[in-house]
Amino acid sequence: MKVDENLMISAAGEERCAHCDALLALGGEPHLFRAIVREVDATALGPQVRIAPERYTPAAIVARLTLCPGCLTQLRVSVGPRSTADHRGRALGAALPD
Ligand SMILES: [Zn+2]
């Protein structure tokens with residue numbers, strides 16, 4: 001089943017890149033478990049981050065780019081404190097119907 005333009009999920013819950021067929025997660029693994037996660041400074045996202053986060057919080061704020069390990073297509077981006085492993089969680093795969 002094609003979830004969006006970048007992600008396919010099999011009936012067994014295996015996630016693959018829709019562009020290059022790279023394995024992103026086996027059934028039962030967390031969503032995008034085998035994807036590459038790259039942290040960059042949040043201001044690197046461009047005009048979406050208009051003011052440096054340091055103006056509002058003492059926490060280091062980073063952008064996490066989740067990329068396909070096969071073709072480097074960006075699958076997800078999230079912004080949050082560096083101190084959290086992944087503030088948006090990885091529960092999407094678990095929430096899909098059987
Ligand atoms: Zn790919």
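Which residue in S3 is the bridge partner of Glu15? Keep that one in mind while you look around; point 3 comes back to it.

1. **What you are looking at.** This is a predicted model, so treat it as a proposal to read with the confidence values beside you. The mean pLDDT of the chain is 84, and 86% of its residues reach 70 or more. The weak spot is residues 87–98, where pLDDT stays under 50. The model has 15 contacts beyond four places in sequence for that stretch, but where pLDDT is low, the predicted coordinates should not be read in detail.

2. **The overall layout.** Walk along the chain from the N terminus and you meet the elements in the order β-β-β-β-β-β-α. That makes 6 strands and 1 helix. Of the 98 residues, 14% count as buried. Among contacts with a separation of 6 or more, 40% are between residues 24 or more positions apart.

3. **The S1-S2-S3 sheet.** Here 3 strands form an open sheet in the order S1-S2-S3, with antiparallel pairing. S1 (7–9) and S3 (23–25) are at the edges and have a single partner strand each, so one side of each is left without a neighbour in the sheet. On average, neighbouring strands in this sheet are turned by 35° against each other, direction ignored. S2 covers residues 15–17 and pairs with S3 in the antiparallel sense over 2 bridges. Now for the opening question: the bridge partner of Glu15 in S3 is Ala25.

4. **The S4-S5-S6 sheet.** There is another open sheet of 3 strands, in the order S4-S5-S6, and its pairing is antiparallel too. Its edge strands are S4 (36–41) and S6, and each of them pairs on one side only. From one strand to the next, the twist averages 25°. A general reminder for both sheets: strands pair through backbone hydrogen bonds, either parallel or antiparallel.

5. **A closer look at S5 and S6.** S5 (residues 61–67) and S6 (residues 74–81) pair in the antiparallel sense over 7 bridges. You can pick out pairs by eye: Leu67 stands opposite Gln74, and Ala63 stands opposite Val79. The two strands form a hairpin with 6 residues between them.

6. **Two leucines worth clicking on.** Which way does the sign of phi go at Leu72, positive or negative? Leu72 has a positive phi of about 65°, although it is not a glycine. This leucine lies in the loop between S5 and S6. Leu72 is partly exposed, because it has 15 other C-beta atoms within 10 Å. Leu32 also has a positive phi, of about 60°, and is not a glycine either. Leu32 is in the loop between S3 and S4. With 21 C-beta neighbours inside 10 Å, Leu32 counts as buried, because the cut-off for that is 20 or more.

7. **The nonpolar core.** Leu32 turns up again in the largest nonpolar core, which has 8 residues: Leu7, Cys17, Leu24, Ala25, Leu32, Ala35, Cys68 and Leu75. In general, nonpolar side chains tend to be buried together in soluble globular proteins. Try Leu24 as a way in. Leaving aside neighbours within four places in sequence, Leu24 is in contact with Glu15, Arg16, Cys17, Leu32, Arg34, Ala35 and Cys68.

8. **Where Asn6 and Ala18 meet.** Asn6 lies in the segment before S1, while Ala18 lies in the loop between S2 and S3. How far apart are Asn6 and Ala18 in space, C-alpha to C-alpha? They are 4.8 Å apart, although 12 residues separate them in sequence. Ala18 and Leu7 are 11 residues apart along the chain, with their C-alpha atoms separated by 5.0 Å. Beyond four places in sequence, Ala18 is in contact with Lys2, Glu5, Asn6, Leu7 and Met8. Counted that way, Asn6 touches Cys17, Ala18, His19, Thr73 and Leu75. Ala18 is partly exposed, with 17 other C-beta atoms within 10 Å, and Asn6 counts as partly exposed with 16 C-beta neighbours inside 10 Å.

Note on methods:
Residues are numbered from 1 along each chain as its sequence is written. This is a predicted model: local features need pLDDT of at least 70, side-chain atom pairs count only at pLDDT 80 or more; totals for chains, interfaces and linings use all residues. Helices (H or I, at least four residues) and strands (E, at least two) are DSSP runs, numbered from the N terminus. A residue is buried if 20 or more other C-beta atoms lie within 10 Å of its own, exposed if 12 or fewer, and partly exposed in between; C-beta atoms are placed from the backbone. Two residues are in contact if their C-beta atoms, placed from the backbone, lie within 7 Å. A nonpolar core is a set of buried Ala, Val, Leu, Ile, Met, Phe, Trp, Tyr and Cys residues joined through C-beta atoms within 7 Å. Two strands pair if DSSP finds at least two bridges between them. Axes are lines fitted to C-alpha atoms, for helices over the stretch in contact, and angles run from 0 to 180 degrees between N-to-C directions. pLDDT is the predictor's confidence in each residue, from 0 to 100.
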